[in-house]
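Biologist: I'm new to reading structures. Could you walk me through one, feature by feature?

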Amino acid sequence: MDIFGILVVAATGYLLGSIPFAVIVAKFCGVDIFKAGSGNPGATNVKRTCGKIPGNICFILDALKGFAAASIPLWAPLLGVAFTGENTDYLRYVGFVAAIVGHMFPLFAHFKGGKGVATSIGGLCAIMIWPILIGVALWVAVFYASRYVSLASIALSVSLPVSSALIYGTESAEFWFALALGIVIIYRHKSNISRLVAGKENKF
């Protein structure tokens, strides 16, 4: 195992994830995202408080940092950083996880981050394309049926281990990774779940 490679990828992924695009985009709109709407520094709150275009820009940028972090072993050699060993695929998961941690607990935003949905979608596009395509399709269906972004995100999270089990099998690393990721995202939505149960969650 390349310890140096793990440290480099983890640090790079975390720093990428820590870029607070929601804070930056909202600030361009003259909005303090921590004090507006739900107070969550994520693409949904940016869209709710700043408008559709800023919200979509934030979503794309958050997804791109997840994709970039999960692809570090592919583009890092272009910067002169090479990783030893024949198989460095595991480093893509290291970068991806580090980016999610960075997004949720960003160094550049006082460790107050978003729920990680957009960043997870971007990273999964790089390493597990079919489960995330199924998840996004389900997200769209649930959102337009209910108008609850949180419910759609929870549905996406539940679908990830299910589709991964069907595609890769329950003994695969992909399944266990998808299961862990789904649990984390659902946990990050615990306040939304409470509001959904109480009938107090805001529709989009």
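Modeller: Sure! Let's start with K65, which counts as buried because its relative accessible area is 4%, and the cut-off for buried is under 20%. Keep in mind that this is a predicted model.

Biologist: Which side chain does K65 meet in a salt bridge?

Modeller: To spot a salt bridge, you look for a side-chain nitrogen of Lys or Arg within 4 Å of a carboxyl oxygen of Asp or Glu. Here K65 pairs with D62, at 3.4 Å from N to O. D62 is buried too, with a relative accessible area of 2%. The two residues sit three apart in helix α4 (residues 52-70), so about one helical turn separates them.

Biologist: How many salt bridges does a search of the whole structure find?

Modeller: Two. In the other one, R195 meets E201 at 2.8 Å, N to O. R195 is partly exposed, at 32% relative accessible area, whereas E201 counts as buried at 10%.

Biologist: Okay, on to nonpolar residues. Which residues have the most contacts inside the largest nonpolar core?

Modeller: The general idea is that in soluble globular proteins, nonpolar side chains tend to be buried together. In this model the largest nonpolar core has 17 residues, and F96, L124, I127, L160, F177 and L181 have the most contacts inside it. At least two core residues come from each of α6 (90-104), α7 (117-127), α9 (149-168) and α10 (173-188). The biggest giver is α7, with five residues.

Biologist: What does F96 touch, leaving out residues up to four places away in sequence?

Modeller: Quite a list: A69, A70, T119, S120, G123, L124, I127, F177 and L181. Apart from the largest core lies another one, of nine residues, including V25, A43, V46 and C58.

Biologist: Now for the rings. How many aromatic pairs does a search of the whole structure find?

Modeller: Five. For each pair, check the distance between centres and the angle between planes. W139 and F143 have ring centres 5.1 Å apart and planes at 20 degrees, so this pair is stacked, the cut-off for stacked being under 30 degrees. Both residues lie in helix α8 (residues 129-146), four apart, or about one turn of the helix.

Biologist: Are W139 and F143 buried or partly exposed?

Modeller: W139 counts as partly exposed, at 22% relative accessibility. F143, in contrast, is buried, at 7% relative accessible area. Compare that pair with F175 and W176, which are edge-to-face: 5.0 Å centre to centre, with 70 degrees between the planes. F175 counts as buried at 13%.

Biologist: Which residues do ring pairs link into a cluster?

Modeller: Y93, F96 and F177. You've already met F96 and F177 among the residues with the most contacts inside the largest core.

Biologist: And which residue lies over the face of F105?

Modeller: For this one, you look for a Lys or Arg charge placed over a ring. R188 lies over the face of F105, 5.3 Å from the ring centre. Likewise, K190 lies over the face of Y187, at 4.4 Å from the ring centre.

Biologist: One last residue: where is V23 placed?

Modeller: V23 is in helix α2 (residues 21-28) and counts as partly exposed, at 23% relative accessibility. Leaving out residues up to four places away in sequence, V23 touches I33, F34 and P41. Looking further along the chain, V23 and A109 are 86 residues apart, yet their C-alpha atoms are separated by 8.0 Å.

Technical notes
Residues numbered from 1 in each chain as written. Predicted model: local features only at pLDDT ≥ 70, side-chain atom pairs only at ≥ 80, totals over all residues. Heavy atoms only, no water. Core = buried A, V, L, I, M, F, W, Y, C linked by side-chain atoms within 4.5 Å. Buried < 20%, exposed > 50% of the residue type's maximum accessible area, 1.4 Å probe, protein only. Contact = heavy atoms within 4.5 Å. Phe/Tyr/Trp six-rings, centres within 6.5 Å; stacked < 30°, edge-to-face > 60°. Lys NZ or Arg CZ within 6 Å of the ring centre and 35° of its normal.
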